[in-house]
Amino acid sequence: MSGWKQYLAGVAAAFGAFCLGASIGWSGPVEKEVRGGDAYKFTPSSAEWGWISSLLTLGAATSCIPAGFLIGIFGRKITMLGLAPPFFIGWLLIIFAQKAFMLMIGRFIVGFSGGAFCITAPMYNTEIAELSKRGIMGCFFQLLIVHGVLYGFIVGAYAKVKVMNILCGILPIIFFVLFIWMPESPVYLAQKGKNDKAEKSLKFLRGKNADVSAESNQMASEGNKEKVKPMQALCRKNTLKSLGISMMLMVFQQVTGINAIIFYSTGIFTDAGTGLSPAISTIIIGLVMVIATIVSIMLIDRVGRKILLLVSAALMFVTTLIMAVYFQCLLKKNVGWLPVLAVCIFISGFSFGFGPVPWLLMAELFAEDAKPVAGAIAGTTNWMFAFIVTLAFPLIKDECGAAACFWIFAAVSFTAIIFVLFLVPETKGKTLNEIQGMIAGGKKD
């Protein structure tokens with residue numbers, strides 16, 4: 001298997017996403033123990049717990065733009081390695097928390113460090129990948145997030161909070177030890193005019209005997225173009241068009257309700273009378289996410305990005321519609337299996353397209369010089385909406401009922417179908433230059 005080292009580097013870089021996934025998967029399993037006062041010397045109020053859960057997303061939202069600037073200045077590798085120490089410190093605060101505010105600060109720092117990986121990992125991976133492998137490697141980020149979430153669910157199901165905290169806290173250290181051996185992105189090195197180093201990096205990634213001259217010459221000529229300031233690159237018509245597409249995909253990823261559904265899944269499973277314990281039902285959900293993400297990664301470079309997004313949005317539309325109808329009129333009927341089925345299909349649908357593809361497109365749609373800042377803005381959009389949905393969902397649910405939430409999610413999913421159909425370009429098998437030409441020309445094929 002040629003070029004296996006690029007997969008190795010890609011997985012090592014995306015292991016930061018695994019750390020983030022475990023942090024996302026943390027709040028569900030520990031809630032009962034922490035809120036019952038069994039895990040710490042204090043018992044957080046329900047408002048405090050709301051913040052403990054949601055500060056992770058806010059932390060992630062604040063880190064994307066600094067990360068975008070840092071990877072342009074110090075490079076992809078140093079920036080990612082630099083995220084490991086604060087990540088670990090965040091977990092230390094969670095492990096040794098004496099008061100609720102220590103948990104909040106810990107969650108914010110963990111979110112901040114993990115959120116930066118959603119910019120750095122997909123960019124690094126699409127830059128080190130050969131054209132034929134770019135789709136697969138651009139999705140490693142989402143693949144490792146869902147594995148991390150599953151890890152959090154499994155550890156949380158069988159371990160006490162203290163043990164779980166430690167088992168999550170060691171992950172950033174493992175990331176550091178793995179990733180320190182990997183090369184810097186050749187694209188970044190070429191941008192900085194370090195063409196010999198870029199060639200060396202490519203040799204590592206493609207294998208000793210691979211002929212990398214064509215690739216490194218192309219990178220060198222890209223690197224020799226006159227330098228444009230990030231803000232100038234951002235204001236180009238092309239960049240703004242791509243940014244619009246990328247930001248809307250991020251909004252759809254969050255506002256179709258994935259976080260709310262994961263958040264309430266155990267409740268749905270319990271209410272359905274499946275007889276499964278909450279811990280087992282969350283693990284099932286984690287497994288469904290992992291399997292669907294793997295299927296999507298097998299298909300992404302074959303069928304393309306657009307088809308996956310369309311199938312994904314269609315499945316989410318149908319299932320949120322079923323959920324809305326269920327909560328509106330079928331609650332009293334004995335059809336508890338229906339929402340369980342709907343949740344599983346929704347999560348498969350999401351993980352099949354709208355989970356991984358927006359992150360991949362964020363790394364594909366922009367010209368090299370605009371990518372760090374534009375990608376960072378798209379990433380920030382994602383996490384801000386994640387934060388809003390996590391906070392707003394329980395409020396809307398209490399005020400207007402669960403049905404109202406699912407009608408909203410269904411409407412958003414339907415809008416997503418229309419948006420993808422008419423406005424999202426297909427980037428499969430195209431070089432980054434071809435993608436730029438396509439966006440300028442407004443072609444969608």
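## Surface patch and Leu178

A residue is called buried when its relative accessible area is under 20%, exposed when that value is over 50%, and partly exposed in between. In this predicted model, Leu178 has a relative accessibility of 39% and therefore counts as partly exposed; Leu178 is found in helix α9.

Leu178 is one of the residues of a nonpolar patch on the surface, in which Val163, Ile166, Leu167, Ile170, Ile173, Ile174, Phe176, Val177, Ile180 and Trp181 also take part, and which together has about 930 Å² of accessible area. The elements that contribute two or more residues to the nonpolar patch are α8, covering 161–169, and α9, covering 171–179. Helix α9 supplies the largest share of the nonpolar patch, namely five residues.

## Nonpolar cores

The largest nonpolar core holds 124 residues, and of these Trp26, Ile347 and Phe354 touch the most other members. Helix α5, which runs over residues 100–128, gives this core its largest share, 13 residues. A second core, separate from it, consists of eight residues, including Val187, Tyr188, Ala190 and Leu202.

When neighbours within four places in sequence are left aside, Trp26 is in contact with Tyr40, Trp49, Ile52, Trp91, Ile94, Leu103, Arg107, Met164 and Asn165.

## Met102 in helix α5

Met102 is found in helix α5, and its relative accessible area of 18% makes it buried, because the cut-off for that class is under 20%. Apart from its neighbours within four places in sequence, Met102 is in contact with Leu93, Phe96 and Ala97. From C-alpha to C-alpha, Met102 and Leu92 lie 9.8 Å apart in space, while in sequence they are ten residues apart.

## Helix α7 and Gln142

Helix α7 comprises the 19 residues 140–158, for which a rise of 1.5 Å a residue leads to an expected span of 27 Å; the C-alpha atoms at its ends are 27 Å apart, which agrees with that expectation. Of the 19 residues of α7, 14 are buried, so this helix is largely enclosed by the rest of the structure.

Gln142 is found in helix α7 and is buried, with a relative accessible area of 7%. Leaving aside the neighbours of Gln142 within four places in sequence, its contacts are with Thr293, Phe350, Gly355, Pro356 and Trp359.

Conventions:
Residues are numbered from 1 along each chain as its sequence is written. This is a predicted model: local features need pLDDT of at least 70, side-chain atom pairs count only at pLDDT 80 or more; totals for chains, interfaces and linings use all residues. Side-chain values use heavy atoms; hydrogens and water are left out. Patches are made of residues with over 30% relative accessible area and no salt bridge: like charges are joined within 9 Å, nonpolar side chains (Val, Leu, Ile, Met, Phe, Trp, Tyr) within 5 Å. Accessible areas come from the Shrake-Rupley method with a 1.4 Å probe; for residues, only the protein chains shown count as cover. A salt bridge is a side-chain nitrogen of Lys or Arg within 4 Å of a carboxyl oxygen of Asp or Glu. Helices (H or I, at least four residues) and strands (E, at least two) are DSSP runs, numbered from the N terminus. Buried means under 20% relative accessible area, exposed over 50%, partly exposed in between (1.4 Å probe, protein chains only). The expected span of a helix is 1.5 Å times one less than its number of residues. A nonpolar core is a set of buried Ala, Val, Leu, Ile, Met, Phe, Trp, Tyr and Cys residues joined through side-chain atoms within 4.5 Å. Contact means heavy atoms within 4.5 Å.
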